[in-house]
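Reader: I should like a close look at a single part of this model, with its surroundings described in connection with it. Please state the cut-off behind each term where it is used.

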Amino acid sequence: MNTTRTVSRAWRAPAALLMMNLVLAACGGGGGGGGGFPGFAVAPAPAPQGTQTPAPTQEDTAPSITTQPSDTTIGQGVTAMLKVQAVRATTYQWQRSVDGGANWTDVSGATSDSFTTAANQLADSGQQLRVQVTSPNGSVTSHAATLTVKPWVANVLATTGVTYNRPYQLVLDASGANLYVAMGGNGSVYRIDTASGSGAEVTPGTTMNTPYGLALAADGTLYVSDQHRINKIAPNATTYSTWVGSGTSGYADSPAAAMFNDPAGIALDGAGNLFVADLENKRVRKVAADGTTSTLAGDGTQAYLDGVGTAAQLARPQGLAISRDGSTLYDTDTDGTCLRKIDVASATVSTLLGDCNGNAVSNVVDGTAATPAKLGYSYGVTVDAHDNVFLTHAWDGVARVVTPAGEISTLRDSTGAAIIFNFPIGVAVASDGTIYVGASNGNQIFKLTLAP
């Protein structure tokens, strides 16, 4: 009996102590910050069970289009670029429909988030384009964008305060609000407000010999090629100064005093380098911002030979324009029925389009190098904001455009007929796509806009 009673009391004591410990823990007592008596640790409360993140569904990982391609209107001959923005996309495939969306075909090679279409003729108007966006977990198709191709309407730019006499090269300021014209026949350079047509001489009372080429710097400095020299007109100045060249014909690079022989078209890059089509020296020259002059291409022989630097040959280069990134020059050799290009970094000269030794009579054929396209004698050249290259064929009386893909088209009106000018030389294109063409023999400037 005694043994049984002892065991019973031994069990009851720890139980009582345990109960007190639990009560004290609940009340925050017990001292020592541990919430209990020494030797009787209180078991910690079980940690709350965390919320589990659900596995992503296929809908969460499928591609989604955030910006749809937009309907696009272009002028005949120029390019149209369509874009799409998507998330979780791995591949793109653009498609074309020519029957109002009833049937779609993949466009070969059009596999990025942007697409530049070669469809740019009046017959292409109404085509629809869309893109399929794909990821490993699905695909989605964009809305259809409609392409509208409009003909050009050419009107004479009505001006006041301008005395016309052989307008040569043209250049626009960045806003397109002011058009500069080299008037070779009276030695003046005019600035014309393109909205009102109001014009005035840039350097009134001081004429040049035969101003031909123009280039406008971002700060408003105007460069003018004149007889055997390059002139400079400071921003807001009313007089000009000779920058390089002396007015005497010749050929010399720095460190000697630079000499030119009838410099024609000029083009300026973003670093302040001026490139000069040195017509009668049969070379393209480079004048650095400090006036240092060197030869970029051509050996002085009037011929056609692709090559690097002075190993290449040019035939009286006249028009010169530079791509927007400054990497490529476009050269129109007056005595050849072709368009040359020069890689600025390497000075590599190549033929982009045409047969340099061809016959220009009735030789204007649209197309590509593979077609093959045919060119007449080109004089003026410029590059627009999308790197379309515009040319004037003076003897054929037409203006043409070459897309970045190398397709050339003659600018046409609503009937499909080529727009004719009286010996066009100068050409300039505004950021909104408006084209200006100077008809040298007609003493007029035409403004080309899209038909309504």
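Author: Strand 20 (263-268) and strand 21 (residues 274-278) pair in the antiparallel sense over 4 bridges. The model is a predicted one, in which local features need pLDDT of at least 70, side-chain atom pairs count only at pLDDT 80 or more, and totals for chains, interfaces and linings use all residues. Residues are numbered from 1 along each chain as its sequence is written, and side-chain values use heavy atoms, with hydrogens and water left out.

Strands here are DSSP runs of E with at least two residues, numbered from the N terminus, and two of them pair if DSSP finds at least two bridges between them. Within the pair just described, Ala-267 has Phe-275 of strand 21 as its bridge partner. Both strands belong to an open sheet of 4 strands in the order 20-21-22-23, with antiparallel pairing. Strand 20 and strand 23 (293-297) are its edges, each pairing on one side only. From one strand to the next the twist averages 30 degrees, where axes are lines fitted to C-alpha atoms and angles run from 0 to 180 degrees between N-to-C directions.

Strand 20 also leads to the largest pocket: strands 12, 16, 20, 25, 29 and 33 each supply at least two residues of its lining. A pocket is an open set of points on a 1 Å grid over the protein atoms alone, where a 1.4 Å probe fits, with protein on both sides within 12 Å along at least five of seven lines; lining residues have an atom within 4 Å of a point. The space in the largest pocket is about 930 Å³, a volume being the space filled by probe spheres set on the grid points, which are joined across faces, edges and corners. Among its 36 lining residues, Val-171, Leu-172, Leu-216, Arg-324 and Thr-382 lie nearest the centre. The lining comprises 22 nonpolar, 10 polar and 4 charged residues; Ala, Val, Leu, Ile, Met, Phe, Trp, Tyr, Cys and Pro count as nonpolar, Asp, Glu, Lys and Arg as charged, and the others, Gly among them, as polar.

Strand 12, another contributor to this lining, belongs to a further open sheet, whose 4 strands follow the order 12-13-14-15 with antiparallel pairing. Its edge strands are strand 12 (167-172) and strand 15 (199-201), each pairing on one side only. Neighbouring strands of this sheet are turned by 25 degrees against each other on average, direction ignored. Strand 14 (residues 188-193) is joined to strand 15 by 3 bridges, and Tyr-190 stands opposite Glu-201 in strand 15.

The second largest pocket holds about 610 Å³ of space. It is lined by 30 residues, with Ile-74, Val-78, Thr-79, His-386 and Asn-388 closest to its centre. Strand 2 gives the most to this lining, with 4 residues, and the classes are 14 nonpolar, 13 polar and 3 charged.

Gln-76 sits in the loop between strand 2 and strand 3. Gln-76 counts as buried because its relative accessibility is 1%, buried meaning under 20% relative accessible area (1.4 Å probe, protein chains only). Its side chain makes a polar contact with the side chain of Gln-121 at 3.3 Å and reaches the backbone nitrogen of Arg-412 at 2.8 Å. A polar contact is a pair of N or O atoms within 3.5 Å; within protein, one must be able to donate a hydrogen and the other to accept it, and residues adjacent in sequence count only if both atoms are side-chain atoms.

Note on methods
Buried means under 20% relative accessible area, exposed over 50%, partly exposed in between (1.4 Å probe, protein chains only).
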